[in-house]
Amino acid sequence: MTSENGSLLEIKNLKKHFPVGGGMFGSITGKKEFLKAVDGISLTIEPGTTYGLVGESGCGKSTTAKMVLMLEEPTDGEILFNGEDAINASKEAKRNYKSNVQAVFQDPWASLNPRMKVESIIAEPLQVNTSMTKSEIKTKVGEILEEVGLQQYQAGLYPHEFSGGQRQRIGVARSLALNPKLIVLDEPVSALDVSIRAQIMNLLMDLQKEHGLTYLLIAHHLATVRYMCDKMGVMYLGKLVEEATTDQLFDNPTHPYTQALIGAALPYHPDDQKEEMLLEGEVPSPINPPSCCSYSPLCPEPDPQCLENELITREVEPGHRTAHCALCADEYGCYWFPRER
């Protein structure tokens with residue numbers, strides 16, 4: 001079952017604002033300030049696809065993942081799963097949602113309990129959420145281990161007896177235990193040796209084809225995103241500034257932040273030629289970001305009127321959206337979005 005528009009997961013105007021300040025200085029000013037970690041993003045993920053969310057550290061992508069996993073409560077907005085409201089759902093519906101939405105975390109050394117054997121780590125969600133017998137669970141654990149490239153006898157070992165890549169395979173196995181529909185991959189290969197990364201990425205893609213899985217991939221390594229994702233969104237200061245299919249975004253990045261990210265990354269192929277973009281100025285504070293174009297402090301040719309216009313999203317080509325100041329598109333264009341583009 002999917003929603004009316006065909007999506008498995010739909011996020012609408014999702015926000016997470018953390019209170020900051022307080023104490024002596026907060027009481028003097030009398031103001032309550034908020035760090036706008038996620039500030040009104042919207043996206044949809046279709047079944048069986050991989051959506052990549054990229055951006056530098058602190059842009060809000062991991063906070064978005066935590067809200068999808070219900071590890072953080074949103075300040076505002078909606079999360080729809082199969083067209084149903086996941087945030088305000090009943091206790092039973094939330095339990096069903098959490099069974100269908102699992103995660104593979106960044107650090108395989110920290111995400112596994114060192115005091116538990118592998119069989120217990122993988123079996124735990126089955127024991128809590130199903131009525132399977134001990135014998136059935138043991139059989140299931142063995143099958144999942146083989147599916148992720150490990151051996152059944154390794155179920156009796158502890159996490160410290162495995163390499164980093166093997167540990168991440170155990171993390172993947174745990175996420176598969178309840179046959180989820182969506183898996184949130186939070187930097188799943190960034191903590192691994194380069195020689196192991198491709199193995200884990202290929203494993204994830206093979207499992208996706210075999211089980212019809214849907215992935216939300218959180219990453220900052222663009223090569224990983226380009227290899228795995230069908231569609232991607234770029235976050236900057238808590239906002240989604242550009243969204244497109246992977247090919248569209250790499251072939252024609254239209255937001256200056258996306259252009260800077262791609263320009264700073266290693267080329268996808270040694271023969272690729274690309275133009276680097278050098279940015280000047282200071283990145284705005286997420287506590288008090290510009291009300292309009294968050295890139296205005298970095299603009300070489302700023303227009304004071306930009307700060308007085310609201311932020312809009314326009315479709316530069318089918319399926320390719322970019323967020324910017326209304327003035328820059330409708331009046332005459334600006335340094336970042338010239339009219340002739």
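Q: Which residues of α7 are buried?
A: The model is predicted: local features need pLDDT of at least 70, side-chain atom pairs count only at pLDDT 80 or more, and totals for chains, interfaces and linings use all residues. Residues are numbered from 1 along each chain as its sequence is written, and side-chain values use heavy atoms, with hydrogens and water left out. Buried means under 20% relative accessible area, exposed over 50%, and partly exposed in between (1.4 Å probe, protein chains only). In α7 the buried residues are I200, M201, L203, L204, L207 and Q208.

Q: Why are the buried residues I200, M201, L203, L204, L207 and Q208 on the same side of α7?
A: An α-helix has 3.6 residues a turn, so residues three or four places apart point the same way. The arc is taken from the directions from the helix axis to the C-beta atoms. These residues lie on the same side because their arc around the axis is only 160 degrees.

Q: Which residues are exposed on the other side of α7?
A: Helix α7 covers residues 194-211; helices (H or I, at least four residues) and strands (E, at least two) are DSSP runs, numbered from the N terminus. The exposed residues on its other side are S195, K209 and E210.

Q: With which side chain does the side chain of D39 make a polar contact?
A: D39 is in strand β2, residues 33-45, and counts as buried because its relative accessibility is 13%. A polar contact is a pair of N or O atoms within 3.5 Å; within protein, one must be able to donate a hydrogen and the other to accept it, and residues adjacent in sequence count only if both atoms are side-chain atoms. At 3.2 Å, the partner is the side chain of K239.

Methods: Expected span 1.5 Å × (residues − 1).
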